[in-house]
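Colleague: I should like to go through this model with you. Could you put it on the screen?

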Protein chains: 4
Amino acid sequence: MTNPRSLLAANRWPVAVLGATGAVGQAFVRLLADHPWFDLVEIAASERSVGKSYRDATRWLEGKMPERTAKLTVKPCDPLEIKAKIVFSALDSSVAGDVEAAFAAAGRVVLSNAKNYRMADDVPLVIPEVNGHHLSLLDRQRSERGWPGGIVTNANCAVTVIAMALAPLHEKFHVRKVFATTMQAVSGAGYPGVASLDILGNTIPYIGDEEPKIELELTKLLGTYDGSRIVPAEIVTSAHANRVAVEHGHTVCLSVQFEHPPTPEVALDTLRAWKGDPAVHGLPSAPSPAIIVRDELDRPQPRRDVMDGRGMAVTVGRVRRDNIFDLRLVAMAHNVIRGAAGGSILNAELMVASGQLIGINRT
Amino acid sequence: MTNPRSLLAANRWPVAVLGATGAVGQAFVRLLADHPWFDLVEIAASERSVGKSYRDATRWLEGKMPERTAKLTVKPCDPLEIKAKIVFSALDSSVAGDVEAAFAAAGRVVLSNAKNYRMADDVPLVIPEVNGHHLSLLDRQRSERGWPGGIVTNANCAVTVIAMALAPLHEKFHVRKVFATTMQAVSGAGYPGVASLDILGNTIPYIGDEEPKIELELTKLLGTYDGSRIVPAEIVTSAHANRVAVEHGHTVCLSVQFEHPPTPEVALDTLRAWKGDPAVHGLPSAPSPAIIVRDELDRPQPRRDVMDGRGMAVTVGRVRRDNIFDLRLVAMAHNVIRGAAGGSILNAELMVASGQLIGINRT
Amino acid sequence: MTNPRSLLAANRWPVAVLGATGAVGQAFVRLLADHPWFDLVEIAASERSVGKSYRDATRWLEGKMPERTAKLTVKPCDPLEIKAKIVFSALDSSVAGDVEAAFAAAGRVVLSNAKNYRMADDVPLVIPEVNGHHLSLLDRQRSERGWPGGIVTNANCAVTVIAMALAPLHEKFHVRKVFATTMQAVSGAGYPGVASLDILGNTIPYIGDEEPKIELELTKLLGTYDGSRIVPAEIVTSAHANRVAVEHGHTVCLSVQFEHPPTPEVALDTLRAWKGDPAVHGLPSAPSPAIIVRDELDRPQPRRDVMDGRGMAVTVGRVRRDNIFDLRLVAMAHNVIRGAAGGSILNAELMVASGQLIGINRT
Amino acid sequence: MTNPRSLLAANRWPVAVLGATGAVGQAFVRLLADHPWFDLVEIAASERSVGKSYRDATRWLEGKMPERTAKLTVKPCDPLEIKAKIVFSALDSSVAGDVEAAFAAAGRVVLSNAKNYRMADDVPLVIPEVNGHHLSLLDRQRSERGWPGGIVTNANCAVTVIAMALAPLHEKFHVRKVFATTMQAVSGAGYPGVASLDILGNTIPYIGDEEPKIELELTKLLGTYDGSRIVPAEIVTSAHANRVAVEHGHTVCLSVQFEHPPTPEVALDTLRAWKGDPAVHGLPSAPSPAIIVRDELDRPQPRRDVMDGRGMAVTVGRVRRDNIFDLRLVAMAHNVIRGAAGGSILNAELMVASGQLIGINRT
């Protein structure tokens, strides 16, 4: 295998996006437009888009649609119609279950944003800097399910922010209990998603199914791989999920109890020094640093910080003592990039770089 | 003394507003415009407004300026210039300390929104439904300070929401620990207050000095009067204060631990059944019910619920089990009405109704 | 006929709302909740709501759902199922054509918000203060179509603002040309309507089909009834329709050319003195004054002025010379109340008060 | 003189920013951070900032403060304290008059955003693509005022959008009359500028002094230089200026009458083909194309299009027939970049490239 970090454009992996017309699908298209390792050659979406050009099938939300993708014809979400071996899925959970399994069974590596397989015992739920080694679950997945390909998931967009911010502290001080109150951007609900009549000048103290996802996925993300399975982290989380009138960027207020409580100063040093899994360093989409610590009292702010690290960094601020637990802090990241499409792409980059795709024919 | 509940207009108490040109001052003017017991006859503000008509001195923010007040000439904040015995103060804390003391020393009853005296041992910090009997501290205040008048304060606008929502539960189950994450409206910062460039499409995870106020004032509000002093409630609170792009209405996400934990169902029944201090029932500004419990999953919402009870009710929703503590819930109320001007007026109504003003000459 | 202005509650007209679950339908329900002349006894909506209680069928958007209506069972939009003789229609134009005709043919008076019949020669398009006498077209409608009932329409929500603001000036000075640039609230698009991802921190310079409606309907609204038909006003309008991040209230910037140009002072006097058709005075929903003229340079503002006259007044400001035409001004009104449901109700009130319903059996 | 288009970094012109702590001043700092021709070496601001580091003196609004600038010490706005020969001024008009004159008298070239000198007979008011040759006025300015340096101004942020959009059409078809209704972003008012309580969920139909600036400056921008003075374009404009809840990007709805009216198709071709003054091509800040024409019905939109051409392009859409004049269209551009700081920098680039700075010593 050639060193993936110096892949020539000619050697890029052809990739496909499933569910390419929605908000997360569009983010995939944007982020893959000039990707050094991946070449977006196929797009797929639901019946009503199939056969149209991507341009005609899509209500494009942000920036310019990449010209090359615009001309692609939308295909059905069917492994018989899609050739790419690496497949990014922005499918809705209502269809992701069957479709993603079909692609894995057909020998494709599926990088999924859907919730369907996240908590399955044999499916990696990965944030590369945090738990990239969970990819080892793929062996078990392949042997148990008999899939020549596989499914790798990334986490709910809100818990991604929490897991990234807490990972450096958990490694050294063992997180035990977490109160997490989120203020989540409207783009987290997709498009058209949240009606303007619901959110203009308003906050909504509820996001369907979000709190259980946060509480559960965190234990897997920060869990340890024991050679055959993920032993969940012994962390109890109590979440309050809120929607706010912000375009992009989920903010989370955290109160954290540790087994070995650090002072705020030590916590800050730990966050600043953290580099995450070395396998991630230098990957095309990996932000450096992965965690940006702000000293200003009034940061992070979604509108001002959300694009740091090209949308892949997590910004942390207000690290201070908690009156009940040990520490309070605030973390924020881009829910569509770090929390969805960008996270999937980074997962794929890690798989390429760490040889997880050996045995998968590029074309 | 005549029954205050049937005061004739002719017998209304003449009242004054200090700091009448600011956002809270304007709320006083609006709420007092047709008040059955109080007659707004004097307004005072800072030097640069003195001598102007209220109309000319004020950048009016909401609705129509009451015609009678518009014509009043702004006076200085000086008890020699103001005759009213009941004085509502919307003064900034930078000047409230001296000015409010001067009025109390001159025999006036000052209903203050400023933070200066809230935590003083001999100054009542009152939400009538919750701890109206704390007004008894006035006797001590008068005897110790030698003031013929007195100062009564109302609480920080965010802690008011929390104290109201928790009071029914604390009475029966004894609150012990509270995690409180706020999403606070821009009107809480006064006018001009928060710059639009700071908050449009954004959230700000910091409000200067707000978290300590919330954490401290709650113990006094829910404390018990032992005949001479307020014994603080043994409640530890850890707060996260955030600003959001909402006009009016502070929302608070609460996780609560009790000495005797209720189930969510019992908590809901308790909240629904609560009527607060009977002395408050029927006061002109008292909402009924004081706490509105919503069953919908996505309530309370500031834009939709903030004017319930004419801005004086606290709306509570999402009462459910907490994973770490006992209960989670969300509470919201109007920060300028219930949390500021309306709260002061209700305090004054309670004083009138409960004979606290006996000995104060009406004119 | 008894004097309708003193109708006893017992004598109220039973009324129905078609399309009651949508945004305009809900506004009808709110405005009819305590109406002195009309008793909302039936609601109808599309197939998927039929048979449910109104409470269960409706995602209620604003304030409290009236308890009596909440319990009503949603009926189909079929005159065989609906008994009321006065029927308010908030139907979408995709179905309004057939349904409204069926009701009219079945002897019901339909007050419609849909565009379908607005420009029909024999259908009144009415803003009561402006052209209430256009109701006379009903005679022709009934005789030509053979309908024992009839259809009365109200205008597009943006043109309503323009027609009201210009009517007083047109009466005296004859409007000839109008440039109209609108800034329209999101509620004008119904619910869910405008996606928050489209409008947060944004403006959209296009509203489908809106500019032609404005340009055309104005000529009918300000046209004259010659005994058999409406002679359109000779006014040419050029419109720019924009969507802005405002909840309620359409603002329109107008540059106007007249046959006999008034000075700004004379125009202001005319606007202030205008009372509209005397038949409207004292109707329950008629605002007084119908046009509110503001002197402040920075008014009208939707958030601050939209509820003036309980949402039925039009606020006008910035009346000044135009550099090309004669006058510039800005007008604003509530698009859901004045511009839709409230306008329909006022139409119905005018019909009751002016004896247009003689011959229609109340029940 | 070396070819400025290949200036080595070592040969960059040292430049200063006056009024560097405000919103436009910060935009200068951001845009100059990596400028190929200019090296930001000095910053100046008002008394209360002098002597502080730029970091400490500034409430930084957007993105990251450039590290090199952060360390600079703020100097007074005095040519004795500032050495740079090229000086960008973001001064408020209340002080710009005297300060900018002092710098010009001291041999500096001042690129000004203030209104003070814009309409002076001997001061160029320049948008490089539109009227770069107006810089020739500098000769007259120097000779008449005896200034070894000079003042070059850029236009009001709203009129810049209009002038850019109309320039291509005016060149060929001669614009005669313009109705212009703006929807202007809050950043146009600086920081703190518009209070959030004024603009959240609102529009304000007035911006102080804005309409006369638009109407007047357009005639100079599109005027012709006759060798000694600018002959104003014979264009009459009638403007409506509105503030909307948008962060950046002024949108303008235009209705235009021409001497030789083009069809919409011809107008579109003209706009698409336009390249502006050839002297501008290839300048570091010059967008290419300068005007972006969008075919989608609902564009331009500020949030989606404002950063096109790195904030320097003007986006035009909805070119269509007008019912009264000849054409309607909508134009939008970034008010802080194209309409202020970026425009000034482009002016300076044009001066460097066209040899206007010959005789000015670089250091």
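Modeller: What follows concerns a predicted model, taken one topic at a time.

Colleague: Let us start with chain A. How many residues of strand β2 are buried?

Modeller: Strand β2 of chain A spans residues 38-44, and 5 of its 7 residues are buried. The strand is thus described as mostly covered.

Colleague: And how many bridges join β1(A) to β2(A), and do the strands run parallel or antiparallel?

Modeller: Strand β1, residues 13-18 of chain A, is joined to β2(A) by 6 bridges, and the two run parallel. The chain passes between them by way of helix α1 of chain A, residues 23-32, in a right-handed β-α-β crossover.

Colleague: Which residue in β2(A) is the bridge partner of Pro14(A)?

Modeller: Pro14(A) has Asp39(A) as its bridge partner in β2(A).

Colleague: What about β3(A): how many bridges does it share with β2(A)?

Modeller: Strand β3 of chain A, residues 74-75, pairs with β2(A) over 2 bridges, in the parallel sense. There, Val74(A) is the bridge partner of Ile43(A).

Colleague: Changing topic, how many residues of chain C are in contact with chain B?

Modeller: On the chain C side there are 4 residues, in contact with 4 residues of chain B. The chain C side consists of 1 nonpolar, 1 polar and 2 charged residues.

Colleague: What turn lays chain C on chain B?

Modeller: A turn of 180 degrees, with a shift of 0.0 Å along the axis, superposes chain C on chain B with an RMSD of 0.0 Å. The relation is therefore that of a two-fold axis.

Colleague: Which residue of chain C has the C-alpha nearest that axis?

Modeller: That residue is Gly201(C), whose C-alpha is 3.2 Å from the axis. In addition, 100% of the contact residues of chain C recur in chain B, so that the same surface serves both copies.

Colleague: One last item, Leu268(C). Where is its place?

Modeller: Leu268(C) is in helix α10 of chain C, which covers residues 264-273.

Colleague: Why is Leu268(C) classed as partly exposed?

Modeller: Leu268(C) is partly exposed because 18 other C-beta atoms lie within 10 Å, whereas a buried residue needs 20 or more and an exposed one has 12 or fewer.

Colleague: Which residues does it contact, leaving aside neighbours within four places in sequence?

Modeller: With those neighbours left aside, Leu268(C) is in contact with Val293(C) and Val319(C). Val319(C) is 51 residues apart from Leu268(C) along the chain, and their C-alpha atoms are separated by 7.0 Å.

Technical notes. Residues numbered from 1 in each chain as written. Chains lettered and ligands numbered in written order. Predicted model: local features only at pLDDT ≥ 70, side-chain atom pairs only at ≥ 80, totals over all residues. Helix = DSSP H or I, 4+ residues; strand = E, 2+ residues; numbered from the N terminus. Pairing = 2+ DSSP bridges. Right-handed = clockwise from strand over helix to strand, strands pointing away. Contact = placed C-beta atoms within 7 Å. Nonpolar A, V, L, I, M, F, W, Y, C, P; charged D, E, K, R; others polar. Least-squares fit on C-alpha atoms with pLDDT ≥ 70 in both.
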